[in-house]
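Biologist: Can you walk me through this one, question by question? I'll poke at it and you do the reasoning.

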Amino acid sequence: MALEAAPQADRVCRLAQLLEARLQRAGRLGRYTLAEVAQHCTPHDGWIVVDSRVYDITPHVVQHPGWTSGCGTSQLLAILRTLGTDCSEEVRAVHSTRALLQLQPFLIGVLVVEGEGQDGGGSSSSSEAAACQGDSD
Ligand code: HEM
């Protein structure tokens with residue numbers, strides 16, 4: 001399906017899938033369990049899971065204006081609470097499509113369930129695309 005033809009939320013998901021496929025081909029996409037993600041829960045090493053994809057949002061956190069400007073503080077606090085967790089619902093609830101697109105450059109891997117092939121493991125599919133709700137192909 002063409003990227004332009006899809007509704008906005010689907011387009012974000014499509015973009016994530018395209019990026020994911022590209023990183024996978026380049027061998028740069030990791031496979032992580034929730035337990036591994038949970039170890040990256042500090043501002044200087046902060047990962048989150050959104051829709052079965054793992055994002056290292058450390059650069060966003062350390063550069064966030066909330067550290068220095070009062071007006072971004074509550075947003076920063078909301079972000080800090082989510083580090084190391086699957087925060088799909090919160091992230092989808094508070095962000096515009098534009099903001100969700102801004103998340104994509106931080107993609108580092110896909111979520112796998114405990115026991116499935118982890119980072120570097122060669123085996124094929126993971127829970128990745130299950131993430132996209134409403135996908136029709
Ligand atoms: C790299 C990661 C992230 C990026 C690039 C990002 C980007 C943005 C942007 C551009 C906005 C402005 C509003 C919009 O356009 O929707 C925003 C607002 C916000 N973000 Fe994020 N965000 C990120 C991660 C997170 C996380 C993990 C949380 C935790 C729940 C979060 C919570 C919020 C909140 C509470 C707002 C304010 C919403 C409002 O004013 O209604 N963000 N974010």
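Biologist: Straight in, then: which residue of E4 is the bridge partner of valine 49?
Modeller: Quick caveat: this is a predicted model, where local features need pLDDT of at least 70, side-chain atom pairs count only at pLDDT 80 or more, and totals for chains, interfaces and linings use all residues. Numbering starts from 1 along each chain as its sequence is written. E3 (residues 45-50) and E4 (residues 53-56) run antiparallel with 4 bridges between them; strands here are DSSP E runs of at least two residues, helices are H or I runs of at least four, and both are numbered from the N terminus. In E4, valine 49 is matched by valine 54.

Biologist: And in what order do the 5 strands of the open sheet sit?
Modeller: Two strands pair if DSSP finds at least two bridges between them. E1 and E5 pair in the parallel sense over 3 bridges, whereas E4 and E5 pair in the antiparallel sense, also over 3 bridges. The pairing is mixed, and the order is E1-E5-E4-E3-E2.

Biologist: Which strands stand at the edges?
Modeller: An edge strand has a single partner strand, so one side of it is left without a neighbour in the sheet. That goes for E1 (30-32) and E2 (41-42).

Biologist: Which residue of E5 does tyrosine 55 stand opposite?
Modeller: Let's collect the E5 partners. Glycine 30 stands opposite glycine 109, and arginine 53 has valine 110 as its bridge partner. For tyrosine 55, the residue opposite is leucine 107.

Biologist: How many of the 5 residues of E5 are buried?
Modeller: "Buried" means 20 or more other C-beta atoms within 10 Å of a residue's own, exposed means 12 or fewer, and partly exposed is in between, with C-beta atoms placed from the backbone. Across the 137 residues of the protein, 23% are buried by that count. E5 is largely enclosed by the rest of the structure, because the number of its residues that are buried is 4.

Biologist: At about what angle to E5 does helix H1 run?
Modeller: Axes are lines fitted to C-alpha atoms, for helices over the stretch in contact (C-beta atoms, placed from the backbone, within 7 Å). Angles are taken between N-to-C directions and run from 0 to 180 degrees. H1 (residues 8-25) lies across E4 and E5 (107-111), and its angle to E5 is about 95°.

Biologist: Which element gives the largest share of the largest nonpolar core?
Modeller: Such a core is a set of buried Ala, Val, Leu, Ile, Met, Phe, Trp, Tyr and Cys residues joined through C-beta atoms within 7 Å. The largest has 22 residues, with Ile48, Val49, Val54, Tyr55 and Leu111 making the most contacts inside it. H1, E3, E4 and E5 each give two or more residues. The largest share, 4 residues, comes from E3.

Biologist: In the hairpin of E3 and E4, what is the positive phi of aspartate 51?
Modeller: There are 2 residues between the strands of this hairpin. Serine 52, in the loop between E3 and E4, has a positive phi of about 65° although it is not a glycine. Serine 52 is buried, with 20 other C-beta atoms within 10 Å, and aspartate 51 is buried too, with 22. The phi of aspartate 51 is near 50°.

Biologist: How many of the residues in the shell around the ligand are charged?
Modeller: The ligand has 18 residues around it (C-beta atom, placed from the backbone, within 6 Å), and the closest are His60, Glu90, Ser96, Ala99 and Gln102. Helices H4 (73-82), H5 (88-94) and H6 (97-103) each supply at least two residues of that shell. Ala, Val, Leu, Ile, Met, Phe, Trp, Tyr, Cys and Pro count as nonpolar, Asp, Glu, Lys and Arg as charged, and the others, Gly among them, as polar. The shell has 10 nonpolar and 6 polar residues, and the charged ones number 2.

Biologist: Last one: is glutamate 90 buried or partly exposed?
Modeller: Glutamate 90 is found in helix H5. Its C-alpha is 9.1 Å from that of alanine 78, 12 residues apart in sequence. With 16 other C-beta atoms within 10 Å, glutamate 90 is partly exposed.

Definitions and conventions. Contact = placed C-beta atoms within 7 Å.
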